[in-house]
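Please read the points below with the structure open beside you, and follow each one from strand to strand and then from chain to chain.

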Amino acid sequence: MKKPLKRIQYNPRRRAGVIGESPGVVIPPEDALKPLITIFSYNAKELVSSEGKDIKVIFDQFKKCSDHTHWIQVRGLGDATLIEEVGAILNINPLVLEDIANVHQRPKFDDYDDYIFAVSRMISFSIDYQLVNLQFSALVKDNIIITFEETHKEHFEGVKNRLAAGKGAIRTAGAGYMCYALTDTILDRYFALLAQLGEQLDEVEDRLYDHADKSIMYETQQLKRTLIVLRRACWPERDKINDMLRTESPLISPEIKMFLKDAYDHCIQIMDLVEGYKEITSSIMDIYLSMVSNRMNEIMKVLTIISVIFIPLTFIAGVYGMNFSRVDPVTNKVMPDNLPELYNPHGYFYALGGMLIIGIIQVVVFWKKGWFSKL
Amino acid sequence: MKKPLKRIQYNPRRRAGVIGESPGVVIPPEDALKPLITIFSYNAKELVSSEGKDIKVIFDQFKKCSDHTHWIQVRGLGDATLIEEVGAILNINPLVLEDIANVHQRPKFDDYDDYIFAVSRMISFSIDYQLVNLQFSALVKDNIIITFEETHKEHFEGVKNRLAAGKGAIRTAGAGYMCYALTDTILDRYFALLAQLGEQLDEVEDRLYDHADKSIMYETQQLKRTLIVLRRACWPERDKINDMLRTESPLISPEIKMFLKDAYDHCIQIMDLVEGYKEITSSIMDIYLSMVSNRMNEIMKVLTIISVIFIPLTFIAGVYGMNFSRVDPVTNKVMPDNLPELYNPHGYFYALGGMLIIGIIQVVVFWKKGWFSKL
Amino acid sequence: MKKPLKRIQYNPRRRAGVIGESPGVVIPPEDALKPLITIFSYNAKELVSSEGKDIKVIFDQFKKCSDHTHWIQVRGLGDATLIEEVGAILNINPLVLEDIANVHQRPKFDDYDDYIFAVSRMISFSIDYQLVNLQFSALVKDNIIITFEETHKEHFEGVKNRLAAGKGAIRTAGAGYMCYALTDTILDRYFALLAQLGEQLDEVEDRLYDHADKSIMYETQQLKRTLIVLRRACWPERDKINDMLRTESPLISPEIKMFLKDAYDHCIQIMDLVEGYKEITSSIMDIYLSMVSNRMNEIMKVLTIISVIFIPLTFIAGVYGMNFSRVDPVTNKVMPDNLPELYNPHGYFYALGGMLIIGIIQVVVFWKKGWFSKL
Amino acid sequence: MKKPLKRIQYNPRRRAGVIGESPGVVIPPEDALKPLITIFSYNAKELVSSEGKDIKVIFDQFKKCSDHTHWIQVRGLGDATLIEEVGAILNINPLVLEDIANVHQRPKFDDYDDYIFAVSRMISFSIDYQLVNLQFSALVKDNIIITFEETHKEHFEGVKNRLAAGKGAIRTAGAGYMCYALTDTILDRYFALLAQLGEQLDEVEDRLYDHADKSIMYETQQLKRTLIVLRRACWPERDKINDMLRTESPLISPEIKMFLKDAYDHCIQIMDLVEGYKEITSSIMDIYLSMVSNRMNEIMKVLTIISVIFIPLTFIAGVYGMNFSRVDPVTNKVMPDNLPELYNPHGYFYALGGMLIIGIIQVVVFWKKGWFSKL
Amino acid sequence: MKKPLKRIQYNPRRRAGVIGESPGVVIPPEDALKPLITIFSYNAKELVSSEGKDIKVIFDQFKKCSDHTHWIQVRGLGDATLIEEVGAILNINPLVLEDIANVHQRPKFDDYDDYIFAVSRMISFSIDYQLVNLQFSALVKDNIIITFEETHKEHFEGVKNRLAAGKGAIRTAGAGYMCYALTDTILDRYFALLAQLGEQLDEVEDRLYDHADKSIMYETQQLKRTLIVLRRACWPERDKINDMLRTESPLISPEIKMFLKDAYDHCIQIMDLVEGYKEITSSIMDIYLSMVSNRMNEIMKVLTIISVIFIPLTFIAGVYGMNFSRVDPVTNKVMPDNLPELYNPHGYFYALGGMLIIGIIQVVVFWKKGWFSKL
């Protein structure tokens, strides 16, 4: 009954540190990757990008492109010093820096007077169908947006392409717009994930009617859990976007809010889909359990009917197998009352015929009662 | 166990485009139909209508009827250029145009300063009882209303008749009223759909008490899903109408709001019906499962009682079928203790009689215990 | 399994008309009764009443009693013209008139500038225990209240008696008070209905412990549905009374609001009772299902124990019914190993005794294991 | 299956009167007790109390103690005139008087301009473990508080002791404080009741694991219903105290509100306990049902295994009980193929041995498959 | 079936006193420990601490360190006088003192004009895996914070270490910050507890798929209850922190509120985890029950199939065990119709072969029907 169910982790290990430790200490996860810094500086005219592994690359770029908007993409949280240095440059609250390194935050939007901080969850399937739930956090201040991701994997190819192409508002609408664009891309991935789940659901449902077996139960459970994870990411995401829509921070301009309203609609659609899928998984589970129980009942019924048909016949055979004596062994007197049927020249066939008739009668009666029809 | 269950699609494919793509791009669904444009220009005195396949027909009509209210009905979303041209004429936000082409919007009402945008879902059964869930969107600006539908099918015959007849407020109350009239017609269709579902429910319920079989389970599941789809369309529809009631846009005049309040009541009634039907489907399911289980139990009970009645009888026959020897084969000494019953002249009939009595006693005992009565 | 379950109609046929038809058209239900008009004109001093079948009786009475408060009771909605004429006299919005004739409204209170409109549901059992869910609507303007009912049946005897007696506020507090008095009477009827349901519940529950049979399931389902109908009438009724409490219309004076607060409390009590009864029906259902399952299990257990007791005995009888030969038929050599028990002079009784002992051991073992005790 | 379940009454008989009767009529319950009036007049210095059966005792005391605070405790509602006279003295709205006599009110707080009215439910077990749900109502005006109870039983011994002792705020804080003190005492009783229920739950749960029988189901149902009654009393009680906290009536001074906040916390704690207990009852029910089903399954499994072990053995015995003839009765030719085993000198023991081996193999196979282990 | 289930107490014994007793009386729990007072006086420069068992130690320290912030940690509530003396020093409302001693408070935050009062629950497992739910309360006034705990156990080592180290805001941010720091430490313990629960859940789930037995049910129930206790502590904790965030008391400065917002996020995360774990426990329970039922069904099916295969074979053996006579014992006439098979020279082998074929056919038919495959 061993089942390689891919379990979804609900990590409760919030802090690597000791209980009661001082807040605002940056403690990256133990298995955090070394950071990889990519910095894009852009304005309507040009896009300059460079890459590096430490804070120097940022300073160099700032010097080069003083009147650009900067998107600093930090992939890998393994270097607490880097996060602290970034915090120092922008004068960020240590509690925010702690949240960046502590990768179990719910999506949220915090508005500090001169900068904003936003967290999202990036949920996807890994190659071996493990559900991966990573943290994406963004700090926006003036014309700078710094984003932090847990892995080196490229998640924002589309945004980078748009940045390179330079069409649309992306080059000119400032760091707040970039924050929106990245958030919306994360939502797009949710749609992609839901499309995948939808296909799995379809496949499971097809299997349900074709050849239901136990795997359906496990896979439905698995899908349900994935949906729970998605829902737990999506509800606070909606609240976060709502907070962004209502913020009075100048970093989120009315123009950006128009786009955010679009993202808000997407978020609602995702929640709608998640709820819809949850209802389907429940109904698949119900149908499956009902089918199993029905099939079991059918089998038991058929087996029992077969037994019952033979029981009176076996009894009759038993009766005619009794050894009541026709002739008293001592006096040799014939006792004509004892099993006279046995001494009828055609008794055997009469008995067989009787059995046949009894069997047929039973079958007919059960048939009439509708016991052979499937319920 | 294959079951041709008509599955209801929950399409998660929001965007045909790539993840992270620029917002505001009009990408019609792949299987979208070529657009068919009908334009009605009307005032209290006259109704002018023309048809066409491209934007030219609109310009022509505008020129002809400069002081009329215009209803431009676009059926088929297969031409992105047309949607963009329409957007350009009225100066519409590209995000709105994207929503028109992207047919998975929830019902919503967006109030832009000088125009309004409303989305509804048109839900109906196709000829082969497939549930069809289409998007209807309406743009209202000044004296112009442009509506977009996914198919060429005529959904608004009633409205067109009223327009032709020219009675009531329809000719004079402006583009906002037309928006109400079309929305209300869509709600009317929901009532029609619910009437259909109600009849199906009645039919299923009749069948439940007449001759319950497995089809009841599948059909109830099917009905439940349809109701879920309806509910998911109806809740945001209510919010949308509520938003329309509260808007301060001059396009929705107080007079129109009075009518919208009526539509709002209809929406609540639909939700009420949907919830009521959902409760009925649940209770049908419960009764069905309980009936199946009861019937199964009844059968098993009857079969087991038959078995049990025969078991002691068969045992007795077995006893009298034992070969305990009356006469020692070697010494030929008679052993009168061995199965003396067999040598009684009427032993056989006594045995049969005893069996009969035992059987009757069992039947009577089981009867007394109420085991034959249905639970 | 046919069951004459009195089904409760959830009529989805909102409009008799065509989809997309003009709003505000009065279309009475097809089976509507011819209207019966009773008009009561009263002030502190006198009460004048007359009856008739058309609008004339109203005009006559108006002429006669110019400074009275008038209660015009219209029973039967079969005459669209009458409703339209009444609407014309009082200058009522056609949408309101439509709601009067369209008898599937939820309870609601609409406040138009110079008149108010209230809808309630009158729920009762007909003589043949059919649940009847009728619409009651009231229009109040100046000193006139017009009420519309679906049937000719007298529902407001108590109010008429109080009107005749002339005690209390009823004669002097105006048309708004009459609206309250009629609404409160409808709520009183809910209490009466709930008392009836309470007695049925008690009776079903008594039966549950006395002699549970399948009828309990059907009746509980039936009660549950009735409660659902009541709840669906009562929730919006509460909202309606709440709206009346908050209205600023002069037709609902502060004095009347004090009485309405009382009615509001009654409404809450009704909802409380309905919820309480629903919980009882659920628990009856649960106990019933559990009892059925327990009883079934008990029967199956007893039957199986009987079978199992006989199985080894029958096996022993079978063993001693084997025909192993004591004497080789060819060589006539005695084979003393073959079934020597059969040739023991008291073998039969030893065998019977052994069987008895085995049976007793089984009974004792099963008893010790507690298998005979009820679970 | 008769079960002396102490049923909890949900009395729907709100009004003893006729449907549609005038509001504000005082109709005591039919079985109401004759009233017993106790009046306490107190100030910081002295406490004067007297008792009587009619309104005179109140007037006497008023005359004697003109500058005291008065607590008039009326126990027994059997005298409508008394209630009306009390109402007349204090100039109380008839609707309030009706609510005093009509003992099915939900807890509520009504603030009339110069007096306040509060209702609570007093819930306790009677001596024969019947749940008793009585109404307590209090009228506070100026320095007078009049309380009405349904029975003569003493519920407020503690308060009276404190009044006699004269410590704390009770003598000086006015009639509003007395209203708080009595309400808080009622809440204290809820805690006592919950302690009782908690012990019953513990006892039932102990029994569940010790020797579960059907009584568990009935008692759990009973406890659940008691909890429902408590919850239905406690939720509106909370709202009532909240209303008292928010009232602007000078009868509830800020000092009293501080105490009321304490009572509010108690109310929340009670609700918390009720919800907690409800969850426990549900889980007891679930465990019980699961235990019953498991135990049943175990029994059926054991019985079936016994059957199955004997079935092949009985078959073998049957085979060797067949009468295939070794010698043709006519030709006397030996037929060596027919049942040669029967003529083997040790055939019987071989057969018995074979049966034993088959039986052992079955036991081993079933053991290996883990069918003997409990699930 | 006895099960040493560690039951979680829901203590309803709010007050040790008598019903109706005066509010504001300090009555410690009967089994309360003698208090142990530790007092920390600190400012940016130094940290002075002393320990004692009565109020004197506090006065001494106050004298010594007049311009410090004081944290007075009282562990053990067994001395009512101490609590009252503390209340007298700081001039605290008696209701607050009552709440300190009465250890069944829900988490709450009360803002009195010049001091604040906060209650939390400290939940942990004792050494013998008993769930311990202790009250922690804190009084903050001016530069003094007094905390009350039920046991002598050290819960705040981390905070004391930080205090000793003197880094961060802890020494300088005042008594309000200490209140935050202690609350946050309690939340940290919740995370630790949840980590423990998470591991138990993982372990139970592993066991579920490896070798499910009854212990899973009991442990899941146990975990579920622990989660209920946690949830009941955590919901009001969130409200409490929210109240602290919104208070206008100067004791909670904006700087502290920033930290509290962090604690609020932690609280939400805890609630999220608790809900997530609850869903997992439910799904483990569902899978377990479904597995038990499936396994049972499998066993019964296999057993029944074995029975049914042998039933017709046993019947055939019974038929050929009948004693129909080949030769009339009286006339010695041969009756060739009676069981002619028995006199066929190879009848026995034909019969055995026939049985074998019938058995094989049955196996094949059942196989084809898929009855051997697991459902």
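1. A good place to begin in this predicted model is strand β5(E), both of whose faces are covered. On one side E:Y115, E:F117, E:V119, E:R121, E:I123 and E:F125 are buried, and on the other side E:I116, E:A118, E:S120, E:M122 and E:S124 are buried as well. The strand spans residues 115–125 of chain E, and eleven of its eleven residues are buried, where buried means under 20% relative accessible area.

2. Which strands pair with β5(E)? One partner is strand β4 of chain E, residues 108–112, which runs antiparallel to β5(E) and is joined to it by five bridges. The connection between β4(E) and β5(E) is a hairpin of two residues, and E:Y112 has E:Y115 as its bridge partner in β5(E).

3. Another partner is strand β6 of chain E, residues 131–141, which is also antiparallel to β5(E) and is joined to it by eleven bridges. Here E:Y115 appears again, since its bridge partner in β6(E) is E:K141. The hairpin of β5(E) and β6(E) has five residues between the strands, and within this hairpin E:Y129 takes a positive phi near 60°.

4. For the wider sheet, please turn to chain D, where seven strands form an open sheet with mixed pairing, in the order β2-β1-β3-β7-β6-β5-β4. Its edge strands are β2 (47–52) and β4 (108–112), each of which pairs on one side only. Neighbouring strands of this sheet are turned by 15° against each other on average, with direction ignored.

5. Helix α1 of chain D, residues 56–64, packs on this sheet and touches β1, β2, β3 and β7 of the chain, while its direction makes about 10° with that of β1(D). Helix α2 of chain D, residues 80–90, lies across β1, β3, β6 and β7, and runs at about 160° to β7(D).

6. At the edge of the sheet in chain D, five bridges join β4(D) to β5, residues 115–125, and these strands run antiparallel. Within this pairing, D:F109 has D:A118 as its bridge partner in β5(D).

7. Finally, how are chain A and chain B related? A turn of 72° and a shift of 0.2 Å along the axis lay chain A on chain B with an RMSD of 0.1 Å, and the two copies are therefore related as by a five-fold rotation axis. In chain A, the C-alpha nearest the axis belongs to A:G321, which lies 4.8 Å from it. The copies use different surfaces, as 9% of the contact residues of chain A recur in chain B.

Note on methods:
Residues numbered from 1 in each chain as written. Chains lettered and ligands numbered in written order. Predicted model: local features only at pLDDT ≥ 70, side-chain atom pairs only at ≥ 80, totals over all residues. Heavy atoms only, no water. Pairing = 2+ DSSP bridges. Helix = DSSP H or I, 4+ residues; strand = E, 2+ residues; numbered from the N terminus. Axes fitted to C-alpha atoms, helices over the stretch in contact; angles between N-to-C directions. Contact = heavy atoms within 4.5 Å. Buried < 20%, exposed > 50% of the residue type's maximum accessible area, 1.4 Å probe, protein only. Least-squares fit on C-alpha atoms with pLDDT ≥ 70 in both.
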